[in-house]
Amino acid sequence: MPLLLSPYHSSFSVVSNSTPRLLSWILWTSWLHIAWLARLLEREREREMKGTYGMLIVIFMFQIHQAAVCGTQLHNVSKFVQKWQVPVASAGRKYDFIYLVQQWQISLCNIKSCLKPARPAFSIHGLWPSTYSTKTPSNCTATVSKFAPQKISDLKDRLDMEWPSLLQESNYELWKEEWESHGSCSQAMLPQHAFFETALRLKEKYKLQEMLAEKDIYPFGNLYRLDGIIDAIATATGHKPQIQCSLYKQVPLLSNVFLCFDYNATNIIDCPVKKRCRYDEIMIPYYMFGSRRN
């Protein structure tokens with residue numbers, strides 16, 4: 001940072017590294033220097049020192065010019081750096097944040113033909129790296145490591161319960177698809193074991209049914225306002241989710257809840273504004289329609 005000596009200060013003053021403040025400070029102190037020298041020049045005119053102080057004025061004017069040029073260049077460089085600055089962590093990523101998607105099993109199996117019994121519970125639908133500008137990326141790289149069941153053998157019991165495949169006979173088929181489609185986009189940050197373990201950890205930490213119950217929202221077949229469901233989850237987590245619904249015989253059912261996390265799935269964040277349900281009221285069913293009346 002440049003140092004300038006003011007005649008009105010007993011020590012050097014350090015100019016701020018802020019460009020606008022730098023230029024303002026230069027102009028102000030330069031004006032004071034000129035006024036001060038002009039006054040001295042007038043007083044010393046009779047002492048035949050006009051030439052000496054005139055030369056000083058020329059020197060100070062040159063310094064002002066040089067400082068202004070440097071300040072302008074500094075400002076231009078600052079703008080260039082700000083324009084092109086990219087966080088180091090994002091340089092090798094193909095995503096900005098991560099969705100934890102949880103599905104309400106009863107809604108899924110009311111809408112689709114499930115091969116396994118549905119429980120009145122949320123289960124993991126997926127852990128999806130995503131971006132703010134485009135659709136959710138998938139199959140991000142041809143070099144993704146192949147799904148290896150042995151790498152998650154210690155998680156299998158928990159995955160069977162919390163991340164089951166209701167539409168396929170084998171849970172491994174779902175996990176393989178999720179890893180190769182979505183895990184491929186975050187494998188540098190979350191290799192295979194960490195990918196599945198992270199999904200389990202986040203689901204365990206953010207218990208959706210408990211959040212809804214705090215606002216008297218239960219899966220008893222009643223209709224609840226969509227904004228009430230959003231508010232219940234936002235109140236519990238401090239951040240807004242996304243809610244997806246699907247229509248079953250003219251009845252909108254809550255199908256998926258999207259929670260959003262930063263790129264390494266460490267901190268929960270607000271989800272982007274995206275309307276996934278166009279109904280004001282939705283149902284969280286407890287039973288399969290036709291099997292037992294709600």
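**Exercise 1.** Work out how Glu180 and Lys176 are placed along helix α5, and which contact their side chains make.

*Solution.* Being 4 residues apart in helix α5, Glu180 and Lys176 are separated by about one helical turn, where a helix is a DSSP run (H or I, at least four residues) and a strand is such a run too (E, at least two), both numbered from the N terminus. Next, Glu180 forms a salt bridge with Lys176, with 3.2 Å between the closest N and O atoms; a salt bridge here is a side-chain nitrogen of Lys or Arg within 4 Å of a carboxyl oxygen of Asp or Glu. Finally, Glu180 counts as buried at 18% relative accessibility, whereas Lys176, at 35%, counts as partly exposed (buried is under 20% relative accessible area, exposed over 50%, partly exposed in between, with a 1.4 Å probe and protein chains only).

The model is predicted, so local features need pLDDT of at least 70 and side-chain atom pairs count only at pLDDT 80 or more, while totals for chains, interfaces and linings use all residues. Residues are numbered from 1 along each chain as its sequence is written, and side-chain values use heavy atoms, leaving out hydrogens and water.

**Exercise 2.** Find which parts the salt bridge between Lys203 and Glu162 ties together.

*Solution.* The side chains of Lys203 and Glu162 meet at 2.7 Å, N to O. Because Lys203 lies in helix α6 and Glu162 in helix α4, the pair ties together parts that are 41 residues apart in sequence. As for accessibility, Lys203 is buried at 14%, and Glu162 is partly exposed at 23%.
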